[in-house]
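Reader: I'd love a close look at one residue and its surroundings. Please start there and then work outward through the rest of the fold.

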Amino acid sequence: MKIGCPTEIKPQEFRVGVTPNAAHEAVQHGHEMLIQAGAGTGAGFTDEDYIAAGARIIETAEEVYASADMIVKVKEPQAAERKMLREGQVLFAYLHLAPDPEQTKDLMASGATCIAYETVTDSRGGLPLLAPMSEVAGRLAPQSGAWALQKANGGSGVLLGGVPGVRPANVVIVGGGVVGTAAARVAAGMGANVTVLDRSIPRLSYLDDVFMGRLTTQYSDQHSLATLLPRADMVIGAVLIPGAAAPKLISREQLSLMQPGSVLVDVAIDQGGCFEKSKATTHQDPIYDVDGIIHYCVANMPGAVARTSTIALGNATMPFMLALADKGWQKACADDPHLLDGLNVHAGKLTYYAVGRALGIDVTAPQVILKQVG
Ligand SMILES: NC(=O)C1=CN([C@@H]2O[C@H](COP(=O)(O)OP(=O)(O)OC[C@H]3O[C@@H](n4cnc5c(N)ncnc54)[C@H](O)[C@@H]3O)[C@@H](O)[C@H]2O)C=CC1
Ligand SMILES: CC(=O)C(=O)O
Ligand SMILES: [Mg+2]
C-alpha cells in the first residue's frame, strides 16, 4: 500500500503524522511511504531521516494526496486538504467531528473512509490514540493557565505556588481522566491547591489513592462546581464523553461568580469546549477575555511541544497504521473491534453515533458497513 504523510497546515501545528521509525516499520512491511518534503521539520526530523528509513520524499501535498491509498496525519484535515481526499482513500487522523459540521459534510462528500484517532478504543475502556496527547495537553494546561494568570496577560496576578505567608492558587480541574490527572500532577507539583471533579466514582477513588492527600476530590455536579468558582484562580476543563460534543459546565452567567482575572483553560475545546463562552484559539493568539475572565482555548495544545508529542503519538498510532496497511481497512477493522470504533465516515455515510446525535445526521452502524463491504 502507498501511505502518504502530508505536512500539517493548521496554524502553529508542528507535529507530523509519521515518525521516521514508523516509516521504517511500514517499509519493512512492504509498503511505500510517501512523506511531503519538510513534513518532519517542526518535530526535528529531516527529509534525510525519512530517506534513511526507506521513505520517498514528495514535494507537494497535492502529489501526496493524489498518490496515497491511505493518508496518515495529525490534525483534522483543513478545508483545502478535504478537497484532495477521494473515494476509496483512507484517512487516519484526529477528526473531532461532533463540533464541526463543515468538516463532517466535506468528509462525507469526499467518499473517503475516515478513521478518527480519538474514538479508537482499547480493551480497558481507554482511548489509546487520544491518551498520549491528553498526557501532553494535561501537563501543559497548568503551565499555560499560570502564564495567563500573569498581569501582562490580563490575569489576576496570582502565582500558582504562592510564597511563604501567601496562599497558593486554587486550581479546579473538571474531569479526572487522562488530561485531568496529568494536569493535577503538574498543578500540585507547582504548589497549587488542587480540586478534581469527576462523575466517575471509581476515577475519584483512583485519584484519591494515588495523590495521597495532595489534592481534594469532589463529585461533579452543577452545585459543587458553582460553589468552587468564587475561590478558583484557574479552572481546567478536561471532561470527555467519547466522540460527543462536550457538555457546557460553566455558563456565561456563572463567570460573574469568579474573581476578575481568573483563568479558564478549556482543554476540551477540540470537542467543542465545556465552558459556554469557549471558542477555539491558536498558539499565536491563545487567550481572550469574557467579562473579566481569561479564556485559554487552544485546540492543538500538544503542537507546542511537537518533538515530544510527535514521538508519543507515533508510538501509539504505529501498530494501527500497520494493521490498516497490511490488511486493508476492512479486514483490519473486522479483526479488531477497537479499531472499528474509530470508523467515523465511510463512502458518504456517517458511522459514529455520538457525532450523528450532535449534528442531527443519520448514522449507519459500522458493523453494517463492514457487512456491505465484506
Ligand atoms: N486541546 C487540546 O489540544 C487537546 C484536547 N484534548 C481533549 O481533552 C478532553 C479530555 O480528554 P481525556 O482526559 O483524554 O479524556 P478521558 O476520557 O480520559 O477523561 C474524561 C473524564 O471526564 C469525566 N467526565 C465526563 N463528564 C463529566 C462531567 N460532567 N463532570 C466531570 N467529569 C466528567 C469522565 O468521567 C472522565 O474521567 C477531550 O475532549 C480531549 O479530546 C486532548 C488532548 C489535546
Ligand atoms: C487531541 C488533539 O486534538 C490534539 O492532540 O491536537
Ligand atoms: Mg478542531
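Author: Happily! Gln330 touches Leu370, Val373 and Gly374, leaving aside residues up to four places away in sequence; contact here means C-beta atoms, placed from the backbone, within 7 Å of each other. This is a predicted model, in which local features need pLDDT of at least 70 and side-chain atom pairs count only at pLDDT 80 or more, while totals for chains, interfaces and linings use all residues. Residues are numbered from 1 along each chain as its sequence is written, and chains are lettered from A and ligands numbered from 1 in the order in which they are written.

Gln330 belongs to helix H11 (residues 329-335). Helices (H or I, at least four residues) and strands (E, at least two) are DSSP runs, numbered from the N terminus. Gln330 counts as partly exposed because it has 16 C-beta neighbours inside 10 Å. On that scale, 20 or more other C-beta atoms within 10 Å make a residue buried, 12 or fewer make it exposed, and partly exposed is in between, with C-beta atoms placed from the backbone.

From Gln330 we can step to Thr113: the two are 217 residues apart in sequence, yet 10.0 Å apart in space, C-alpha to C-alpha. Thr113 sits in strand E6 (residues 113-116), where Thr113 and Ile115 point one way, Cys114 and Ala116 point the other way, and all are buried. In a regular strand the side chains alternate between the two faces of the sheet. E6 runs parallel to strand E5 (residues 90-93), joined to it by four bridges, with Leu91 opposite Cys114. Strands count as paired if DSSP finds at least two bridges between them.

Widening the view, the chain is divided into domain 1 (2-119 + 306-373) and domain 2 (131-299), with bounds from an automatic or database domain assignment. The centres of the two domains, taken over C-alpha atoms, are separated by 31 Å. Their contact takes 16 residues from domain 1 and 14 residues from domain 2. On the domain 1 side, helix H10 and helix H13 (353-359) each supply at least two residues, and H10 gives the most, with five. By class, that side has ten nonpolar, five polar and one charged residue. In this scheme Ala, Val, Leu, Ile, Met, Phe, Trp, Tyr, Cys and Pro are nonpolar, Asp, Glu, Lys and Arg are charged, and the others, Gly among them, are polar.

H10 (306-327) turns up again beside helix H1 (residues 20-28): the buried residues of H1 are Pro20, Ala22, Ala23, Glu25 and Ala26, and what covers them includes H10, strand E1 (2-5), strand E2 (32-36) and helix H2 (47-52). Just after H1, Gly30 takes a positive phi of about 90°.

Now for the sheet further along the chain. Seven strands form an open, mixed sheet in the order E9-E8-E7-E10-E11-E13-E12. E9 (215-219) and E12 (287-290) stand at the edges with a single partner strand each, so one side of each has no neighbour in the sheet. The twist averages 20° from one strand to the next; axes are lines fitted to C-alpha atoms, for helices over the stretch in contact, and angles between N-to-C directions run from 0 to 180 degrees. E12 and E13 (residues 293-296) run antiparallel over four bridges, with Ile287 opposite Tyr296. Helix H6 (residues 131-148) packs on this sheet, touching E7 (170-174), E10 (234-237), E11 (263-266), E12 and E13, and its direction makes about 150° with that of E11.

E11 is covered on both faces, with Val263 and Val265 buried on one side and Leu264 and Asp266 on the other. E11 pairs in the parallel sense with E10 over four bridges and runs parallel to E13, joined by three bridges. Leu264 is the bridge partner of Val235 and, towards E13, of His295.

H6 also leads to ligand 1, which is surrounded by 37 residues, the closest being Ser134, Gly175, Gly177, Val179 and Ser220; near here means a C-beta atom, placed from the backbone, within 6 Å. H6 gives the most to that shell, with four residues. Around ligand 2 are Lys75, Tyr94, Leu130, Met133, Asp270, Asn300 and Pro302, a shell of four nonpolar, one polar and two charged residues.

Methods: Two residues are in contact if their C-beta atoms, placed from the backbone, lie within 7 Å.
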